[in-house]
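Biologist: I would like to go through this structure with you, one question at a time. Please show it first.

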Amino acid sequence: MTQTATPTKCTECHRPLRAATSIARGRGPVCDLKVRRRAAAERLARPFKDADRAATKALRHLADKALVPTAAARQYLMVATAGDATYLVDTIARTCTCKAHQHHSRCTHLLAADVAEITTSRRAAYALAA
Ligand SMILES: [Zn+2]
Ligand SMILES: [Zn+2]
């Protein structure tokens with residue numbers, strides 16, 4: 001293994017790192033989640049016609065905290081970007097009640113929910129979405 005200087009600052013935001021796990025990873029927990037979410041969104045957005053745009057939109061939904069867990073397992077409410085509608089997203093049934101999903105069988109809401117689920121533990125996903 002190559003010996004490199006231990007990073008003491010986050011490679012993303014340049015804030016100092018304190019926790020041993022953060023130092024080992026080179027990123028704080030918030031930046032690490034962002035990086036992992038970006039990677040997951042880019043990978044999962046591949047089937048979309050405009051994959052870059054879909055990934056960006058899904059990440060924006062998460063950043064806006066538009067995804068709200070319901071009492072039912074793996075079902076979420078998604079507040080529309082305009083704030084004038086709410087959709088029900090189900091990551092098991094692979095459905096969303098928005099128009100885009102009815103037309104194309106895919107949408108950035110379901111994509112956002114998938115990204116949230118694969119990059120966070122269930123408990124953490126709930127805390128983040130709250
Ligand atoms: Zn950072
Ligand atoms: Zn949708």
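Modeller: Keep in mind that this is a predicted model. Let us start ahead of the helices, with His14, which is found in the segment before α1 (20-25).

Biologist: Is His14 buried or exposed?

Modeller: Count the C-beta atoms around the residue. The cut-off for this class is 12 or fewer within 10 Å. His14 has 9 such neighbours inside 10 Å, so the residue counts as exposed.

Biologist: What is the phi of His14?

Modeller: His14 is not a glycine, yet its phi is positive. The value is near 65°.

Biologist: In which order do the elements of the protein chain run?

Modeller: The chain has six helices and four strands. Read from the N terminus on, the order is α-α-α-β-β-β-β-α-α-α.

Biologist: How do α2 and α3 lie to each other?

Modeller: Two packed helices are described by the angle between their axes and the distance between the axes. Here the axes of α2 (residues 29-44) and α3 (residues 51-63) come within 9 Å and cross at roughly 140°. Angles over 145 degrees would count as roughly antiparallel. The angle falls in the remaining class, so α2 and α3 are oblique to each other.

Biologist: Which residues of α3 meet α2, and what is the hand of the crossing?

Modeller: On the α2 side, the residues are Arg37, Arg38, Ala41 and Glu42. They meet Ala55, Ala58, Leu59 and Leu62 in α3. The crossing of the two helices is right-handed.

Biologist: Now the sheet. Which strands stand at its edges, and why?

Modeller: The sheet is open, with four strands in the order β1-β2-β3-β4 and antiparallel pairing. Each edge strand has a single partner, so one side of each is left without a neighbour in the sheet. The edge strands are β1 (67-69) and β4 (95-96).

Biologist: How many bridges join β2 and β3?

Modeller: β2 spans residues 75-79 and β3 spans residues 86-90. Val79 has Thr86 as its bridge partner, and Tyr76 has Val89. The pairing is antiparallel, and the number of bridges is five.

Biologist: Which residue of β2 stands opposite Leu67?

Modeller: β1 and β2 pair in the antiparallel sense over three bridges. Opposite Leu67 stands Met78.

Biologist: Which residues of β2 are on its covered face?

Modeller: In a regular strand the side chains alternate between the two faces of the sheet. In β2, the uncovered face has Gln75, Leu77 and Val79. The covered face has Tyr76 and Met78.

Biologist: Which residue in the turn between β1 and β2 has a positive phi?

Modeller: β1 and β2 form a hairpin with five residues between them. One residue of this loop, not a glycine, has a phi near 60°. With 15 C-beta neighbours inside 10 Å, that residue counts as partly exposed. The residue is Arg74.

Biologist: And which residue in the turn between β2 and β3 has a positive phi?

Modeller: This hairpin has six residues between its strands. The phi in question is about 80°. The residue is Gly83.

Biologist: How far is Thr81 from Lys57 in space?

Modeller: Thr81 has its place in the loop between β2 and β3. Thr81 is partly exposed, with 14 other C-beta atoms within 10 Å. Thr81 and Lys57 are 24 residues apart in sequence. From C-alpha to C-alpha, the distance is 9.4 Å.

Biologist: Which strands does α5 lie across, and at what angle does α5 run to β3?

Modeller: α5 covers residues 108-119 and reaches 16 Å from its first C-alpha to its last, close to the 16 Å expected. The helix lies across β1, β2, β3 and β4. Its angle to β3 is about 50°.

Biologist: How many residues of α5 are buried?

Modeller: Buried here takes 20 or more other C-beta atoms within 10 Å. The residues of α5 that pass include His109, Leu110, Leu111 and Val115. α5 is mostly covered, and of its 12 residues the buried number is nine.

Biologist: What percentage of the residues in the whole protein chain is buried?

Modeller: The protein chain has 130 residues. Buried residues make up 26%.

Terms used
Residues numbered from 1 in each chain as written. Chains lettered and ligands numbered in written order. Predicted model: local features only at pLDDT ≥ 70, side-chain atom pairs only at ≥ 80, totals over all residues. Expected span 1.5 Å × (residues − 1). Pairing = 2+ DSSP bridges. Contact = placed C-beta atoms within 7 Å. Axes fitted to C-alpha atoms, helices over the stretch in contact; angles between N-to-C directions. Parallel < 35°, antiparallel > 145°, perpendicular 65-115°, else oblique. Left-handed = near helix turned anticlockwise from the far one by under 90°.
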